[in-house]
Amino acid sequence: MPDRPAPAEGLFSREYAAATSLFAAVMFLTGLAALAVVPTLPTAARDLDGVSLFPLVAGCFVAASLLGGVLGGHWADRAGAHRPLALGMALAVVTLLVSGASTSIWQLAVGRFLDGLAAGMVAVAINTAIGQAYPDRLRPRALALMSTCWIVPSLVGPPLAGLVAETWSWRTVFLGLAALTLVPALAVVALLRGPSWRTASAPPPDGAPRPALLVAAAVSVGAALGQYGVSGWDTRHLLFTAGGLALLVAFAPRLLPRGTWRAVRGLPATVLLCGLGSGVFFTLEALVPLFLVTEREVPPLVIGLAFTGAALAWAASSAVQGRLLERAPRHRLVVAGALVQGLAVAVAAVGTLPGAPDPVAASAMVVAAVGMGMYAPSLTVLALSHSPRGRQGYASSSMQTSQNLGQVTVLALGSGVFNAFLGAGSSGHGGYRAAFVLLLVPCAVAALLAVRTRAT
């Protein structure tokens, strides 16, 4: 009797079930905290008399993620992904407690900074662990699953946080999430201390560049200064903006692969496109809700539904590219994602026209998420394929750094255009429309340069 063929290995086969379940749980908790907390930040800033510093509170998370990503990637290459992942989960609980107990806007900013540090470490550690633990054919599915784990948090997180904040307090949201995350975080730390996670990563090649943490800290500070600078347009704020820009120009290139700004084929171009796509999506998610609230007086429930729809669209699109399109060339999926993002930008611009219904602008977030569901996982797969053994952590941290730099830079450019039009006497609708039109540029650049990310 002929032997039966061995069953194909899958994400939940005996060899990978524990790792897959662990990573999925971590991403679920990360998504729940991220999506539940963010809608409460404006209320917290108002109660702490810090509305003028809200850009700093919102932006310091991204700024700290830069440092967390570099720290996590550097550490993962040296000692394996389990240590930065465990520390990131433990730190996440602490940050929620710090933010929930805030007595000033500055304490809330510190809490959000620490949260960004933890999130950067966790995101890079998970991507690195997938690159180290899974074969090439399972990586797209694993990355797609990580996106899918945001579905339930996207459904229950924002409306539940709004209900809790309205019934009790925004502090209850932070403290409740800390209590909810504590036991799973302890379980993750205990599991990662087991012998099966103590496998050493391959030693880095001789002479391979290692970004200094001081450089990452300088970039993080520069991003934070820039976010504070755009909170006003007097001389002081302009000086902070100039200082932040100077730090970014001087130090950011040291955290990215050589040739990133020139879109050199391979990892540099992949890293660059990660920043462009993430910047477009983040800016849409910031400006579209602001437009709907300030210009159309749309109820918060509609804004929450738009965020929910975007999360679902991202997860569904990511699942499609991970399974149904797993044989498609990844760089072509990047082109498709960039073009869909361009369509979303056009929809947002049309939504600012006087006669356009409110759902038109809101739907731009959903369309953009469809593009990102194809765009982001494909770039991550390409980045890992361009990375030699033992350097997945560096590639993952470079992608995280580029993502955060893209968010800071593109949002700053969009905000600058918006404020310039307002200063010239344009209406709010015109300012938002001009900012959205500007976003077509990075979409077009990403679509044209995607061929440079092709895996050999």
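**A walk through the predicted model**

Helix 6, which spans residues 139–148, is mostly covered, with seven of its ten residues buried. Those buried positions are Arg139, Pro140, Ala142, Leu143, Ala144, Met146 and Ser147. The structure discussed here is a predicted model, and every value below should be read in that light.

From helix 6 the reader may turn to threonine 20, which sits in helix 1 (residues 17–37). Leaving aside residues up to four places away in sequence, threonine 20 touches Leu11, Phe12, Tyr134 and Leu145, and with one of these, tyrosine 134, the side chain of threonine 20 makes a polar contact through the side chain of the tyrosine, at 2.7 Å. Because its relative accessibility is 1%, threonine 20 counts as buried.

A charged pair comes next, in helix 5 (residues 105–133), where arginine 112 and aspartate 115 lie three residues apart, about one turn of the helix. Their side chains meet in a salt bridge, with a distance of 2.9 Å from N to O, and the count of salt bridges in the model comes to one. With the cut-off for burial set at under 20% relative accessible area, arginine 112 counts as buried because its relative accessibility is 5%, and aspartate 115 likewise counts as buried because its value is 16%.

The nonpolar interior can be followed from its largest core, which holds 72 residues, and within which Leu273, Leu284, Leu292, Tyr375 and Phe436 touch the most other members. Helix 11 (residues 267–294) gives the largest share of this core, 14 residues. Leucine 273 shows what such a position looks like in detail: not counting residues up to four places away in sequence, leucine 273 touches Val334, Tyr375, Leu379, Ala446, Leu449, Ala450 and Thr453. A second core, separate from the one just described, has 27 residues, among them Val122, Ile126, Ile130 and Cys149.

The last stop is empty space rather than packed side chains. The second largest pocket contains about 680 Å³ of space and is lined by 32 residues, of which Leu405, Val408, Thr409, Val410 and Leu413 lie nearest its centre. Helix 9 (213–229), helix 10 (235–251), helix 11, helix 15 (392–423) and helix 17 (440–449) each supply at least two residues of that lining, and the largest share, nine residues, comes from helix 15. Helix 11 therefore appears twice in this account, as the source of the largest share of the largest nonpolar core and as one of the helices that help to line the second largest pocket.

Definitions and conventions:
Residues are numbered from 1 along each chain as its sequence is written. This is a predicted model: local features need pLDDT of at least 70, side-chain atom pairs count only at pLDDT 80 or more; totals for chains, interfaces and linings use all residues. Side-chain values use heavy atoms; hydrogens and water are left out. Helices (H or I, at least four residues) and strands (E, at least two) are DSSP runs, numbered from the N terminus. Buried means under 20% relative accessible area, exposed over 50%, partly exposed in between (1.4 Å probe, protein chains only). A polar contact is a pair of N or O atoms within 3.5 Å; within protein, one must be able to donate a hydrogen and the other to accept it, and residues adjacent in sequence count only if both atoms are side-chain atoms. Contact means heavy atoms within 4.5 Å. A nonpolar core is a set of buried Ala, Val, Leu, Ile, Met, Phe, Trp, Tyr and Cys residues joined through side-chain atoms within 4.5 Å. A salt bridge is a side-chain nitrogen of Lys or Arg within 4 Å of a carboxyl oxygen of Asp or Glu. On a 1 Å grid over the protein atoms alone, a cavity is a set of points where a 1.4 Å probe fits but cannot get out, and a pocket is an open set with protein on both sides within 12 Å along at least five of seven lines; lining residues have an atom within 4 Å of a point. Grid points are joined across faces, edges and corners, and a volume is the space filled by probe spheres set on the points.
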